[in-house]
Structures are given as C-alpha cells and as structure tokens.
Amino acid sequence: MHHLNYHHLYYFYLVAREGSIAKAAKLLHVTPQTVSGQLSTFEDQLGYSLFDRINKRLYLNPKGKVSYQYASEIFHKGNQLAEILNTNDEINTKEFIIGITNGIPKVLFYDFVHNTMREFADVKYVIKEDSFEGLLKELAINAVDFIMADRGIAPGTQVNANSYFLGESSLSFFAKHPLKHNERFPGCLNHMPLLMQGHTSGIRHALVSWLETEQLYPKIVAEFDDSALLKLFGSEDFGVFCAPSAISTHVEVQYGVHCIGNAKALNERYYAITGKSRADYTICEHIVDNAKALFTQNE
C-alpha cells in the first residue's frame with residue numbers, strides 16, 4: 001500500500017470507537033452496508049484484517065489496535081487544526097498531554113503540576129488516566145507528552161523515553177477509627193480487614209513483602225487499581241488502607257480517617273517519563289523541578 005485512504009481510515013476509526021458498524025453508520029448518516037463496504041475495501045487495500053469477527057461482533061486484533069491508536073491521534077490533531085484555523089485563537093494552539101497512572105494520589109499529582117499550569121497559562125492541558133503500560137504505548141506514538149507514574153521504565157523496555165526519579169514517601173496506614181489503648185502498630189494489622197492496591201500499583205509487591213517480613217496476616221477484603229476508590233471504601237469503614245505519608249494530613253481530613261501508624265521501611269517512589277522525540281522540554285522540566293523541590297522540602 002503506497003497511500004493511506006483517510007476516508008476509509010475514518011470509517012474504520014468510528015467503527016472501532018463505537019464498537020459496531022451500526023453505531024458508526026448512525027453517526028455518519030449512511031447505511032450499515034455502506035460502512036461495511038468501506039471497511040472491507042480498507043482492509044483489502046491494507047492486505048490484512050483489522051477486526052476479528054466473533055459471533056457477529058467485531059473485536060480489534062493486534063494490527064487493529066495499533067491502527068486505532070494512530071487513527072485516534074490523526075483525527076484528534078485534525079480537529080485541533082480545524083479549530084485553530086477557524087477561530088484564529090492563539091491561546092489554545094498549544095496542547096500538553098499528561099498521563100497519570102491509576103495509583104498516583106490525585107492530591108499529590110495536583111501538588112506536582114499546579115504551579116506549572118499557572119506558569120504556562122497559555123497552554124491547554126489534557127490529563128489522561130490509564131495503566132502504566134497503556135500510557136507507555138501512547139508515549140511511543142507521541143499521543144502523550146509526559147507521564148507521572150509510581151515506577152520507572154524497566155531496563156530493556158522498547159520505548160524511546162527518558163525516566164526521572166522525583167522522590168519517595170514512606171507509607172502510612174489509615175482506619176476509620178483510632179487504635180484502642182491495647183493495640184499497637186504494626187501488630188494490630190494482624191487479621192484486620194485490609195484494602196489492598198491492585199496488581200497495576202508499583203507499591204503492591206513491596207507491601208506484600210513487608211507484611212510477610214513482619215509476619216502480619218491481615219484479611220484482604222478488596223483490591224483496587226484506583227487509589228481514590230480505595231480511600232473512599234476505607235472512609236466507609238470497609239478496612240484499613242495505606243497511602244503516602246506525604247499526604248497523610250490530606251487523607252485524614254478529606255476521608256475522615258485516622259493515621260494508625262507509619263511503615264518507614266515501606267516507600268513509594270514517583271517518576272516522570274517523557275518521550276525523547278519531544279522538541280520542547282520546558283514544561284516537562286518545570287514539572288520535574290517542582291516535584292523534586294516538594295520532596296526536598298518535606299525531608
């Protein structure tokens with residue numbers, strides 16, 4: 001294939017986004033047969049299928065997923081260009097996309113970026129939340145400019161990116177009610193209901209190892225990929241949970257819980273990841289410097 005037919009690509013993009021030919025046809029104001037024909041033509045031109053058809057339903061295959069990622073970026077940029085040309089608005093001509101992994105506390109993320117957003121007020125900021133792996137894929141195709149994560153890039157990762165260590169915080173444990181006079185931390189965690197971080201969290205493995213080392217065996221009630229959801233269930237007395245000591249005061253006030261102890265041997269680390277192909281590092285550097293300064297102040 002020498003040339004990409006963007007008309008066909010747009011049909012594919014809508015089918016993938018909406019999840020069905022019928023829904024895409026409704027948006028395009030054409031018949032499902034027209035959409036199906038355009039999609040078949042596109043796949044024939046490519047020389048391979050983009051969907052697996054199972055029980056009359058369409059599922060993106062590996063090539064389809066990659067194509068959809070690029071198509072999303074292409075049409076997003078196209079819409080931006082149309083908006084700029086139509087309005088001649090210089091203010092929103094620059095966009096900076098920040099990806100945040102599910103386990104990063106939202107208040108900590110705010111502390112990291114709010115000064116930068118005020119300093120570069122002429123930039124439109126887009127905040128996206130996803131898994132670490134999902135954000136790395138978007139960084140690889142320049143769909144994301146900056147990632148805030150609770151882990152760095154592993155050696156051997158096939159992504160052209162820079163990883164910056166921002167700082168770390170020990171973890172504190174929180175409960176709806178304070179400890180009784182005869183209870184001591186961390187022994188009190190034994191057999192207590194515990195709300196655990198999900199497998200996508202960078203701290204989960206360290207937390208499990210710490211519990212084993214301390215010979216503590218809490219009852220794991222639930223696991224959460226989303227840190228805010230974990231805290232919400234903790235505030236409703238479903239179990240004890242841990243969060244960075246750096247935001248201990250915020251957690252107590254926001255969720256109406258009590259800090260019952262600090263595990264100084266258990267630390268959560270924070271990283272910034274940027275693509276090496278980005279030409280403008282000014283905003284990235286500002287966020288990184290601000291985040292590092294915050295950890296230095298708290299030492």
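How many disulfides does a search of the whole structure find? Zero. A disulfide here is a pair of cysteine sulfur atoms within 2.5 Å. Take cysteine 188. Its sulfur is 11 Å from the closest cysteine sulfur, in cysteine 259, so that pair is too far for a bond. Cysteine 188 counts as buried because its relative accessibility is 11%. Cysteine 284, at 3%, counts as buried too. Buried means under 20% relative accessible area, exposed over 50%, partly exposed in between, with a 1.4 Å probe and protein chains only.

A word on the model. It is predicted, so local features need pLDDT of at least 70 and side-chain atom pairs pLDDT 80 or more, while totals for chains, interfaces and linings use all residues. Residues are numbered from 1 along each chain as its sequence is written, and side-chain values use heavy atoms, with hydrogens and water left out.

Now the cores. A nonpolar core is a set of buried Ala, Val, Leu, Ile, Met, Phe, Trp, Tyr and Cys residues joined through side-chain atoms within 4.5 Å. The largest has 32 residues, and Phe96, Phe146, Met148 and Leu166 have the most contacts inside it. Elements that each supply at least two residues include β3, β5 (146–149) and β6 (161–175). The largest share, six residues, comes from α10. Helices (H or I, at least four residues) and strands (E, at least two) are DSSP runs, numbered from the N terminus. A second, separate core has 20 residues, among them Tyr13 and Phe42.

Back to Phe96. Leaving out residues up to four places away in sequence, Phe96 touches Phe146, Cys284 and Ile287, among others. Contact means heavy atoms within 4.5 Å.

Next, empty space. On a 1 Å grid over the protein atoms alone, a cavity is a set of points where a 1.4 Å probe fits but cannot get out; a pocket is an open set with protein on both sides within 12 Å along at least five of seven lines; lining residues have an atom within 4 Å of a point. Grid points are joined across faces, edges and corners, and a volume is the space filled by probe spheres set on the points.

The largest pocket has a volume of about 360 Å³. Of its 20 lining residues, Tyr68, Gln69, Ser72, Lys128 and Glu138 are the closest to its centre. α4 gives the most to this lining, six residues.

There are two cavities of 30 Å³ or more. The largest holds about 110 Å³. The second largest has about 50 Å³. Residues lining that second one include Gly103, Asp150 and Arg151.
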